[in-house]
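Let's take a friendly walk through the side-chain contacts, surface patches and backbone details of a protein chain. Have the structure open as you read.

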Amino acid sequence: MLRRGLNRLLGGDERRVDSRTIYVGHRQCPASEAFIPPKFCDNRIVSSKYTVWNFLPKNLFEQFRRIANFYFLIIFLVQVIVDTPTSPVTSGLPLFFVITVTAIKQGYEDCLRHKADNEVNKYPVTVLEDGQRTRKESEKIKVGDVVEVEEDETFPCDLILLQSSRDDDTCFVTTASLDGESNHKTHYTVPDAGKDLESLNATIECEQPQPDLYKFVGRMHIYTNNQEPAVRSLGPENLLLKGATLKNTQKICGVAVYTGMETKMALNYQGKSQKRSAVEKSINAFLLVYLCILVSKALVCTTLKYVWQSKPGQDEPWYNEKTQREKDTNLYLKMFTDFLSFMVLFNFIIPVSMYVTVEMQKFLGSFFITWDKDFFDPEIQEGALVNTSDLNEELGQVEYVFTDKTGTLTQNNMEFIECCIDGFQYKYRDASTELDGFCVTDGPVSKLQEKAGRDKEELFLRALCLCHTVQVKEFTEQDQGPGDGLMDQVDGLGVDEEEPYPPQEQRGFIASSPDEVALVKGAMKYGFTFLGLESKTMKIRNRNNDVEMYELLHVLNFDPVRRRMSVIVRSKSGDTLLFCKGADSSIFPRVRQEEVERIRMHVERNATEGYRTLCVAYKHLSAEEYARADAGLREARLALQDREEKLMDVYNQVETGMSLIGATAVEDRLQEEAAETMEALQGAGMKVWVLTGDKMETAKSTCYACRLFQRNTELLELTVRTLEDGGRRREERLHELLSDYHKKTVQDAPPVKAGATRSWAMTSQDYGFIVDGATLSMVLNSSSGSNSNLYKNMFLQICQNSTAVLCCRMAPLQKAQIVKMVKNSKGSPITLSIGDGANDVSMILEAHVGIGIKGKEGRQAVRNSDYAIPKLKHLKKLLLAHGHLYYVRIAHLVQYFFYKNLCFILPQFLYQFFCGYSQQPLYDAAYLTMYNICFTSMPILAYSLFEQHICIEGLLDNATLYREIAKNAMLRWRPFLYWTMLGVFHGLLFFFGVRYLFSNPALQDNGQIFGNWSYGTIVFTVLVFTVTLKLALDTRHWTWINHFVIWGSLAFYVFFSFFWGGIIWPFLGQQRLYFVFANMLSSVSAWLVIILLILLSLLPELLIVVLREPRGPNARQKKLVQSSVGGLQSPRSSARPLLMRTFSDESNTVI
């Protein structure tokens, strides 16, 4: 104690100390235990991003980190400072609008986070101080306070359970908001601690805060009347976590051990960061290219201006003499201002309107997800929800899908299917005339009607009734309400139809795992009923309706290494029995081998059918064996260091030499169309990873049921169990396994075909990779730096070359670490996380796209997600249809915007060569302002909202179409170069085509010649019509809105030009376009050139449309039908016809 105190004083860093000491109720410790009490953090939770004081600077800093916002700020400042050809309003007003709207949106979101924090921090709690119950705000709880919590309340911090209102000193909690499991978990009080809390004098020594939800090690010293302190061990069964809810217990009292941001829930919370899409990154890259073009143009024009003016008589002609002020101006300063003026003149090559249009497209486009009737779920009467419209196009770029298991892939609803006793199969039928079900066997026909024997059957059913941690709760009327989905209810299941259970004995089962409930209910079907646990006595009713009583001596809890759990009980006759159930690989080596073969066949068959299998064994313990086991267990449970290893040794000693009785098969119901959805995602080229906190066997069965693992899939296991197998140090064994798996999946794999557009490739052998949380920690946090990087790289390559990856026993923060590791890997693949519980929030926030499922486990995942859908099956349409279309639309929007602005500004640049580089605009100011805002913005916006280059049925029926747009295919440099060259071609054609027309000076009937504004107006007219008709040619899915905006925009341009030039406007100092447009159209030559240039510009596009392969919906569907009839089916195509039927009623239009 003294040494620890000195360490704290001298070190000053609490995290450097292995453990912390807490004084229960802040009572003075005995003099012999002199100790300086440490300071711990308060109980405040902070999830907000801004405060009132830092909102403005922090938000502006984040917004101006976007290259577009920063660029337009610079342009605006140049227009304010320098005398430029255009007004500062043209850049300043749109920028101000975008910044303001974004700031208001982000401020409102953070305000909601502040409100949520305050609800938690100001929540009233009851604290026991000096025997008095005091109400406090949650944020004022300190480590060491004794807190009282009532039924259905949430624990305000991490507590050690001291006292419970239940007679058996237990309490039940649900941890749906932490690990996604909606089952009731049983926690136990510390023995001898809760008798009299007012006089309790105790200290708790426990580990420092760490994020693992399933680990806790500590011990309590209880001091009584100058006697030697009693020491009690503390484990996860004594720890009540913040965020969990008290159930079926009137009230409990506990002492706070971790508070505020040190609670396990807070340590598993991943802060929300602003997500940016790959399209936005492409826009930034293209923007840099166009910035370089802009600067180059300005430099060329500035240089040529001064070269031209250096010639005699050009600098100061007789008609344009310089003022004295101009003569006194520094030459270099004048060159710089001229450079800036050219920058502003050509600035329209990068219009701010593109960003406004993109924002509108994302915002309005997100409503199509919300309005999609296929996403409506009649069960919860809700549809899809869009929380973040910025990432619509990312839905079409997903390469890795990280999914939770419980509640996402499965319904978390277990059902007992069958059992096998001594080699005989027992399959229960509701209409059975026999009490113990229908019995068949896989053996010879002569043995078809044989039974396992009554004694074996009863021993097996007793094991099912005793080997578990299930609790029984009597039914009340309020428990039968439809809203209580957390408790399993047995609806008066009558096993013996002649003598059904009386109504008062209808019971609900509460357990930490739903399969335990399924097994207890399975035993009920065959005549053995578990009646409950009272004062360490387990009661069961046998077939003869006699009540049998067993004293519960020890529970050997399940853990992922042993993969089994056991109970030691004592019967009334004094026999001590050990019942054990667990995975076949864990049980078979510990029983007699002659018993194994009779059961193995059934277990393997059930496993291939996707059922969760457990083997059941038992053992008679002699008095000496039990005494030895009892002493070993008590000693191991008091250890503060290496407690788990010591307990493991005792468990392994006891669980040997058992007799195998039988096996069970339980079905974990999958979500509707879960297998079809996973198969479609894999067909689209996505890698699916399952990240779950559940046991490995459970998760593995689910992966088989979802077809992520096939029968021919070779499973590579990297878990604590495989690390223990080699008999060497874990670090050495880890390196050996990683090297072995890396050789199989990476080095020996066939090379990826050239031209493959994504990191997946069909290999001759499918590999499934399984890893658990403990091993993942070793990989990510290796002791030596060089090994750490090596392990990470090998681990990642194995994962990327596996068909599917299963990560089990994952803490929430580990899920986020996995996502982050893949997200930051080579190529920066786009990741998507989907889950339904608060334990999935960290990975949802970490992934590029986070999907929440509106399940029954609270709405934390939905609130923190980017998109929320009612069921997993909706993910297929969200990605394959909506995601695909959103990406194609916005990619076309971006490329089209850069193209049409290059067409717009290139003639302006060329014009400078013919006007003495005088910064003379080619177009009127009204045209400069209206081009991007009115004349060309609405058609592309309508296109980006309604376009369907392939109909929705085609996208859903053929998942491989998703691969065509993989890896940002439409926004790479090659298509960008094509659009840029198209813009250059059109710009040159517009300018020099009109110039060729002007080579004949007399264009009007009266012999008058056109001026420079007529020249610019003809160029502008050709420009507007060409870029609009180019978009019309690109449109595959015409709606009345497309027709309206395309033809309406052209009509509006003509009307505006007549209107703007037909009236003398009093507020204009000079009116350049007065009657210019009408005068221009009076010339037949002008009409001819306009029509001819439009046709010449669109001729290549017209030829491509005529000559290329048809791509309409009917042509696409015909091609799909032909390929499905004549082509070879892939190994994963067995369910494809089902997929086609399932989605055959999809709408062909989004309107």
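What follows covers salt bridges, then aromatic pairs, then surface patches, and last two loop residues. Please keep in mind that this is a predicted model.

**Salt bridges**

How many salt bridges does the structure hold? The count is 41, and three of them are set out here.

| Pair | N to O distance | Where the partners lie |
|---|---|---|
| R20 and E262 | 2.8 Å | strand β1 (residues 19-23) and the loop between β13 (251-258) and α6 (264-267) |
| K305 and D338 | 3.3 Å | helix α7 (residues 278-309) and helix α9 (residues 331-345) |
| R454 and E458 | 3.3 Å | both in helix α11 (residues 454-466) |

Start with R20 and E262, whose side chains meet in a salt bridge. This pair links distant parts of the chain, 242 residues apart. Is R20 buried or exposed? R20 counts as buried because its relative accessibility is 0%. E262 is buried as well, with a relative accessible area of 18%, a value that falls under the 20% limit for buried residues.

Next come K305 and D338, both of them buried. K305 belongs to helix α7 and D338 to helix α9, so their salt bridge ties together parts that lie 33 residues apart in sequence.

The third pair stays within one helix: R454 and E458 are 4 residues apart in α11, about one turn of the helix. R454 counts as partly exposed because its relative accessibility is 46%, whereas E458, at 13%, counts as buried. These two residues also belong to a network of salt bridges that links R454, E458, R462 and E548.

**Aromatic pairs**

Turning to the rings, the count comes to 38 aromatic pairs. Take F904 and F1020 as one of these: their ring centres are 6.1 Å apart and their planes stand at 65°, so the pair is edge-to-face. F904 sits in helix α26 (residues 874-911) and F1020 in helix α31 (residues 1012-1034), so the contact ties together parts 116 residues apart in sequence. Both F904 and F1020 are buried. Which residues form a cluster with them? One aromatic cluster is made up of F904, Y931, F935, F1020, F1025, F1052, Y1053 and F1056.

**Surface patches**

On the surface, a patch of negative charge gathers D642, E644, E645 and D649. One of its members, E645, is found in helix α16 (residues 643-654). With a relative accessibility of 45%, E645 counts as partly exposed.

A nonpolar patch is also found on the surface, formed by L1092, L1096, L1099, L1102, L1103, V1106 and L1107. Together these residues have about 670 Å² of accessible area. L1096 lies in helix α34 (residues 1084-1107) and counts as partly exposed, at 40% relative accessibility.

**Two loop residues with positive phi**

Most residues other than glycine have a negative phi. In K967, however, phi is positive, near 55°. N968 is not a glycine either, yet its phi is positive at about 55°. Where do they lie? K967 is in the loop between α29 (952-957) and α30 (973-997), and N968 lies in the loop between α29 and α30. Their exposure can be read off as well: K967 counts as partly exposed at 28% relative accessibility, while N968 counts as buried at 12%.

Notes: Residues are numbered from 1 along each chain as its sequence is written. This is a predicted model: local features need pLDDT of at least 70, side-chain atom pairs count only at pLDDT 80 or more; totals for chains, interfaces and linings use all residues. Side-chain values use heavy atoms; hydrogens and water are left out. Patches are made of residues with over 30% relative accessible area and no salt bridge: like charges are joined within 9 Å, nonpolar side chains (Val, Leu, Ile, Met, Phe, Trp, Tyr) within 5 Å. Accessible areas come from the Shrake-Rupley method with a 1.4 Å probe; for residues, only the protein chains shown count as cover. A salt bridge is a side-chain nitrogen of Lys or Arg within 4 Å of a carboxyl oxygen of Asp or Glu. Lys and Arg count as positive and Asp and Glu as negative; His and the chain ends are not counted. The place of a charge is taken as NZ of Lys, CZ of Arg, CG of Asp or CD of Glu. Helices (H or I, at least four residues) and strands (E, at least two) are DSSP runs, numbered from the N terminus. Buried means under 20% relative accessible area, exposed over 50%, partly exposed in between (1.4 Å probe, protein chains only). Rings of Phe, Tyr and Trp (its six-membered ring) pair if their centres lie within 6.5 Å; planes under 30 degrees apart count as stacked, over 60 as edge-to-face and the rest as tilted.
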